[in-house]
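User: Hello! Could you walk me through this model with a few questions and answers?

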Amino acid sequence: MTRLRSCAPLLLLLLAACGTPAPAPPVPAASPAAAPQETAAAAVDDPHSHANSETVRVRHLELDLAVDFAARRLSGRAGLLLDNPADARRLVLDTRDLEVRQVRVDGGDAAYELGEPAPHLGRPLIVELPPAARRVEVDYVTSPDAAALQWLTANQTAVGRHPFLFTQSQAILARTWIPLQDTPAVRFTYEATLRVPPGLMAVMSADNPQRKAADGVYRFSMPQAIPSYLMALAVGDLEFRATGDRSGVYAEPPVVEAAAWEFAQVPEMMATVEELYGPYRWGRYDLLVLPPSFPFGGMENPRLTFVTPTILAGDRSLVSLVAHELAHSWSGNLVTNATWNDFWLNEGFTTYLENRIMEALFGRPYAEMLAQLGRQDLEEEIAQLGADSPDTRLHLDLGGRDPDEGMTAVAYDKGALLLRLLENEVGRERFDAFLRAYFDRHAFQSMTTAAFLAYLERELLARVPQLDADALRIDAWVHGVGLPANAPRVEAAELERVEGQLERLAAGAPAGELDTGGWTTHHWLHLLRHLPAELPQQRLAELDRQFGLSDSGNSEVLFAWLMQAVRQDYEPAYPALERFLTGMGRRKFLEPLYRELAKDPEGRRLALRIYARARPGYHSVAVHTVDAILDWGATAPDAAGEAHPSSTSTTTFPSTPPAASAA
Ligand code: BES
Ligand code: ZN
C-alpha cells in the first residue's frame, strides 16, 4: 500500500503514528479452512489502494444503508471491525466521491482526514486510532455519480414501473459506495441492512431473500470472508425461480421464466466443478439477470453472479459464460489475485476451468471449438496491443494506471493457455490433483504471481522427472511479451467444417448452397469472424437474407455479423447496428463496434450520432471506454454536428433481447 502518500496530508496530526511501523504478521483469513492450509502470503504492496492493510486489517463489515432513488444516493453507515495486532494508531481506508459525515472509534468521536484525491484511486480516509481500537464507524453518503452504481429509471427496465439499481465493484470501484480497504489482498465477512422503497427487492453477494419484504428492509449476512471487489448490491422489481436445490435465478418478472430455462444446467455445472476441484464453499449459487445496460457479460459476485441479459439466447448456447462465473467460486473468489497485476491468476485459471466444465458437459469437440475462438481473441488482442507491449505479459505492471487497462484477453486466454500447456506436460490426472490442492491449501487467501510460481515449482514441476520451469519457459510466459513458441495447439476439428464452407463462399458459392446443417452458435461465429474481406454488397445481402443475420436474437452472432457489416460498409445492417448499440450496454460488444466505426470519418459521424443517444443509458464503465474511443469530451458537441438530440430522445434500453433465431 502507498504508505507515504497516505501519510502526507496528516503529517502534523499523526507524525508519530506514521513512521515506519514494524511489519505486522499477516492476518489469517476469517473463514474456516477445510483443508490444511499454507500460511497466508506475506503482506503485498497494492498500487491501487491507499490502505495501510499491511499493518491493520478490516476483518468484518457492518453496513446499514438507505437507497434513495430520487437523489441517486446511498446513505448510512459502515462499521468496520479491525484486526490490529500491532496496535497501529491510524487506519487508512479507500474512498472515492464519498461524502464523509462523521467518524467514530469504539463509540467516541474520532479525528479523521480525507487526503488529496489521487488519479484513479480516490481519496484516502485517514482515521486516528486510540490504543486498542476495535471498531470504526463511518457515516457517509455516496455521490449521484458514484462509478460503481448505475441508477436506472423505470423506463430503462423490462416492466417499466420501478427503478433499478446495481453495483459493479471490480476492480477498484467498491470505494465509490463503501469506505473500506479496497484491495483484493484483504478479506472480510459482512452483515448488511438495506432499506429500499416498498415493492422492490434487494439482493447482495450474501445470503439472499427469495421474496419481497413488505417494509422494504432487508438483512444480509455473508459468513465467508471476501475481498472488497466482490461487494455487490442490486435493488429492483425482482422475482426468484429455483433451478435446483442450491441454485436459482433472480430477474425482473418478464425475464425470470426465460432465465430459469436458459440456466437450467447450473446444477450439473456445479456437480462437475466439485468433482474436479472440491466442494463448493459458498452455500447457494444464484444468478441475477440484470437490465441490458450491465456493462459486463458476467460478474462473479459470491453466491449471486450478475449476468447480462444478452446471454439469454433462447437455446442455452451462451452458457459458457455461466460456467466461467461459477468457476470463479474457486479461482478468484476462493484463491484471489493479490493485486490487479496478478489478474491472470483470477481470469486465466477461470478461463481454463470454464473450458473444463464445458468439456465435461458438452464433450471435447465442442469445448475445443470454444478454446479455438478464445485463441482467436488472444491473437487479435496481442495484435491490437502490439506484440511487444508490456501489457501482453501475464504479470502486469499497472502502477499509476487504471487497472481496467490490464483487463484484456491476455489475462484470460494467454493465462488459460499456460494452464493447458501444464496439463499437457504433466497429464490431466496429475494436473487436476495439483489444482485441487492449490484451491484447498489457499482457500480464502490471496495469491501473488510469485507465490503461485513457487508453489508450481515445488508441488508440480519438481515432482515430475525431466520437467522444469526452464524447459517450459515459464518465465517467458509470465514475464515475457507475446505468445511463447511452445503455446499448445487447440484442435478444433469442428471448425474445419466451417472452413470448408468459407472456401466455397470465397469461390463464389451462393449463401443458399452452404452446408450449415447441425451448426451451433460457435460454428456461426467462426464463419462470421472469417468472412472473405470485400464481399460484394449483394453477397452480403444474400447471407443476411438467407440466415437472418441482422435479425439474430443471439447477441454473439449479431455482434460478429455487425462487425463485418461495419468493416465492409454494409449499410442495410445499420438500423440493426443502431438498435444493438442503443439496446444494451455490454462493453465487450460496444468497444469493438465503436472502434471499428471510428476508423473512417463517415463511420465516426454515425458512431457519434448513435452514441449521443445511447450514452445516457450506458454504465459509467462503458461510458469511460467509449468516450476514449470517440474522443467524446474533445469532439462533442461540435464535431458531432447534430449528434446531440434533445434529452427526450435518448435511449431507454428495452427489456430482453428478442428470442433466438436459427443463427
Ligand atoms: N470478473 C470478470 C468481469 C470483470 C473483470 C469486471 C475485470 C471488472 C473488471 C468476469 O468474470 C468476466 O470475466 N466476465 C466476462 C465473461 C467471461 C465469460 C469472459 C465478461 O464480462 O465479458
Ligand atoms: Zn472472469
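**Aromatic rings, helices and strands**

User: Thanks! Is tyrosine 438 buried or exposed?

Analyst: Tyrosine 438 has a relative accessibility of 1%. Buried means under 20% relative accessible area, exposed over 50%, and partly exposed in between, with a 1.4 Å probe and protein chains only. So tyrosine 438 counts as buried.

User: What should I know about the model itself and its numbering?

Analyst: This is a predicted model, where local features need pLDDT of at least 70 and side-chain atom pairs count only at pLDDT 80 or more, while totals for chains, interfaces and linings use all residues. Residues are numbered from 1 along each chain as its sequence is written, chains are lettered from A and ligands numbered from 1 in the order in which they are written, and side-chain values use heavy atoms, leaving out hydrogens and water.

User: How many aromatic pairs are there, and what kind do tyrosine 438 and tyrosine 455 form?

Analyst: Rings of Phe, Tyr and Trp (its six-membered ring) pair if their centres lie within 6.5 Å; planes under 30 degrees apart count as stacked, over 60 as edge-to-face and the rest as tilted. The count comes to 33 aromatic pairs. For tyrosine 438 and tyrosine 455, the centres are 5.8 Å apart with 45° between the planes, and the pair is tilted.

User: Which helices hold those two tyrosines?

Analyst: Helices (H or I, at least four residues) and strands (E, at least two) are DSSP runs, numbered from the N terminus. The pair links distant parts of the chain, 17 residues apart. Tyrosine 455, at 2% relative accessibility, counts as buried. Tyrosine 438 sits in helix 9 (residues 428-441) and tyrosine 455 in helix 10.

User: Which residues does threonine 449 of helix 10 touch?

Analyst: Threonine 449 is found in helix 10 (residues 449-459) and, at 2% relative accessibility, counts as buried. Contact means heavy atoms within 4.5 Å. Not counting residues up to four places away in sequence, threonine 449 touches Asp342, Trp344, Leu345, His395 and Val478.

User: At what angle do helix 17 and helix 19 pack?

Analyst: Two packed helices are described by the angle between their axes and the distance between the axes. Here axes are lines fitted to C-alpha atoms, for helices over the stretch in contact, and angles run from 0 to 180 degrees between N-to-C directions. Helix 17 (residues 574-583) and helix 19 (residues 601-614) have axes 9 Å apart, and their packing angle is about 35°.

User: Which residues of helix 19 make that contact?

Analyst: From helix 17 come Tyr574, Leu577, Glu578, Leu581 and Thr582. On the helix 19 side, the contact is made by Leu606, Arg609, Ile610, Arg613 and Ala614.

User: What is the strand order in the open sheet of 7 strands?

Analyst: Two strands pair if DSSP finds at least two bridges between them. The pairing in this sheet is mixed, and the order is 5-4-8-2-1-11-13.

User: Why is one side of strand 5 and of strand 13 left without a neighbour in the sheet?

Analyst: Strand 5 (108-109) and strand 13 (217-227) each have a single partner strand. For strand 5, 2 bridges join it antiparallel to strand 4 (residues 99-105), with arginine 104 bridging to aspartate 109. One side of strand 5 and of strand 13 is free because both stand at the edges.

User: How many residues lie between strand 15 and strand 16?

Analyst: Strand 15 (residues 239-242) and strand 16 (residues 247-251) are antiparallel, with 4 bridges. Alanine 242 stands opposite glycine 248. The two strands form a hairpin, and the number of residues between them is 4.
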